[in-house]
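Okay, thanks for making room for me today. Let me put the model up, and then I'll walk you through it.

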Amino acid sequence: MFNKKEIETAYQRLQPHLKPLSLLTSDYINTQLNADVFFQFEGAQITGSFKVRGALNTLLTLKEQGKIPKHVVTFSSGNHAQAVAYACKKLAIPATVYIPKTASEFKIKMTRFLGAKVVVTDNRKEAESLSQQLAEQGATFIHPYDNDDVILGQGTSCYEALSNGLQPDAIFAPIGGGGLISGTLLAAQRLAPSSLIIGGEPQQANDAYQSYIKGNIVGFNDSPNTIADGARTLQISERTFHQIKQLDDILLASEKEIKDWTRLLFSHLKVTVEPTSAVAMVACRKWLTRQDQKERKSVLVILSGGNIDDTTFQTLWDKEHIE
């Protein structure tokens, strides 16, 4: 499906348009886990998440092909919505975004601020259906993850992290629809082929895990009830499943583990991470505890974003204590 060199082309295409990110680390976390943990923090990227990489790569690719859309449509629980709104504003393209009412108020507000027409729907299925209807009327549909150019763009997060020669024993990324982990796999195959690629997923939104174990796509009828809003997808796609089947493992995170690590990352990296980011860190910790403690490991964790609203932030900290 993918030529490994395509990820390098996507990275070069996006470089002039994105903020360069430096890897983060924490002496405290390294000591506690007896490992060298490097973080690619996408919360510092434009729009506060990795999603802008996929949206921009898709539209810039269409521009190179002389196929600039007259109107763009998508659906999203928030980060992809902001990404598409930003990319369309940058290229002066009208955008319509359907967002389920369960999405973060902050993400809805920022999508409107970035210039997109926002339609709030009762649920995710309605958002998907309405976006498809508008696409059938002629709008260009940019899927949050079921799109080669989106996957390649999202993979440039890992590509950037590895571009200075880092060769980790394992690389971790959260799984929602599977675009980020698919792109991460492609980047690692290009720059760090010996690294293990491991996905993290909420226990309460474990459709990718179930699909990985059973060998066929398993989905939900309604958005999963998890604090990790970026993982509330109904199911992965055939496109992302093809990549997910190649992963070395998928590890699950309980809601308590997600909340604990969201707070710990906030405290020790001094950055605001959204709960979906912490899912990858939970997977990292679980993997490390299974390793021979005499051999110090080097790992890369993709922290997918930093967009978090007041309500979620309060939920994380009310009557909670860092151990």
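So, start with Ile171: which residue is its bridge partner in β7? That's Ile197. This pair belongs to the contact between strand β6, residues 170-174, and strand β7, residues 196-202, which run parallel and are joined by 5 bridges. And before I go on, a reminder that what you're looking at is a predicted model.

Okay, zoom out from that pair. β6 and β7 sit in an open sheet of 5 strands, and if you read across, the order is β1-β9-β6-β7-β8, with parallel pairing. Which strands stand at the edges? Those are β1, 35-41, and β8, 249-253; each has a single partner strand, so one side of each has no neighbour in the sheet. Going from one strand to the next, the twist averages 25°.

Now the helices on this sheet. Helix α12, residues 275-289, lies across β1, β6, β7, β8 and β9, and against β9, which is 297-303, its direction is at about 165°. Then there's helix α9, residues 207-214, lying across β7 and β8, and that one runs at about 145° to β8.

Right, over to the other sheet. This one is open too, with 4 strands in the order β4-β3-β2-β5, and the pairing is parallel here as well. At the edges you've got β4, 117-121, and β5, 140-141, each pairing on one side only. Inside that sheet, look at strand β3, residues 95-100: 5 bridges link it to β4, in the parallel sense. If you want a landmark there, find Thr96, which stands opposite Lys117 in β4. Helix α5, residues 105-113, packs on this sheet and touches β3 and β4, with its direction making about 155° with that of β4. Helix α4, residues 79-90, lies across β2, 72-75, and β3, and it runs at about 170° to β2. Keep α4 in mind, please, we'll come back to it.

Next, the domains. The protein is divided into domain 1, which is 4-48 + 147-317, and domain 2, which is 70-138. Taken over C-alpha atoms, their centres are 23 Å apart. As for contacts, 13 residues of domain 1 touch 15 residues of domain 2.

So what about the empty space? How many cavities of 30 Å³ or more does the structure hold? There are 3. The largest cavity has about 290 Å³ of space in it, and 28 residues line it, with Phe50, Lys51, Gly176, Gly177 and Gly230 lying nearest its centre. The elements giving two or more residues to that lining are α4, there it is again, and α8, 179-191. Of these, α8 gives the most, with 3 residues. By class, the lining of the largest cavity comes out as 8 nonpolar, 14 polar and 6 charged. And where does this cavity lie? Domain 1 and domain 2 both give residues to the lining, so the largest cavity lies between them.

Last stop, the second largest pocket. About 210 Å³ of space lies in there. Its lining is 14 residues, and nearest the centre you'll find Ile227, Arg232, Asp309, Thr311 and Thr312. Helix α13, residues 310-317, gives the most to this lining, with 3 residues. Split by class, that's 4 nonpolar, 6 polar and 4 charged residues. Why do we say this pocket lies between the domains? Because domain 1 and domain 2 both give residues to its lining.

That's my tour, happy to rotate the view if anyone wants another look.

Definitions and conventions: Residues are numbered from 1 along each chain as its sequence is written. This is a predicted model: local features need pLDDT of at least 70, side-chain atom pairs count only at pLDDT 80 or more; totals for chains, interfaces and linings use all residues. Side-chain values use heavy atoms; hydrogens and water are left out. On a 1 Å grid over the protein atoms alone, a cavity is a set of points where a 1.4 Å probe fits but cannot get out, and a pocket is an open set with protein on both sides within 12 Å along at least five of seven lines; lining residues have an atom within 4 Å of a point. Grid points are joined across faces, edges and corners, and a volume is the space filled by probe spheres set on the points. Ala, Val, Leu, Ile, Met, Phe, Trp, Tyr, Cys and Pro count as nonpolar, Asp, Glu, Lys and Arg as charged, and the others, Gly among them, as polar. Domain bounds come from an automatic or database domain assignment. Two strands pair if DSSP finds at least two bridges between them. Axes are lines fitted to C-alpha atoms, for helices over the stretch in contact, and angles run from 0 to 180 degrees between N-to-C directions. Contact means heavy atoms within 4.5 Å.
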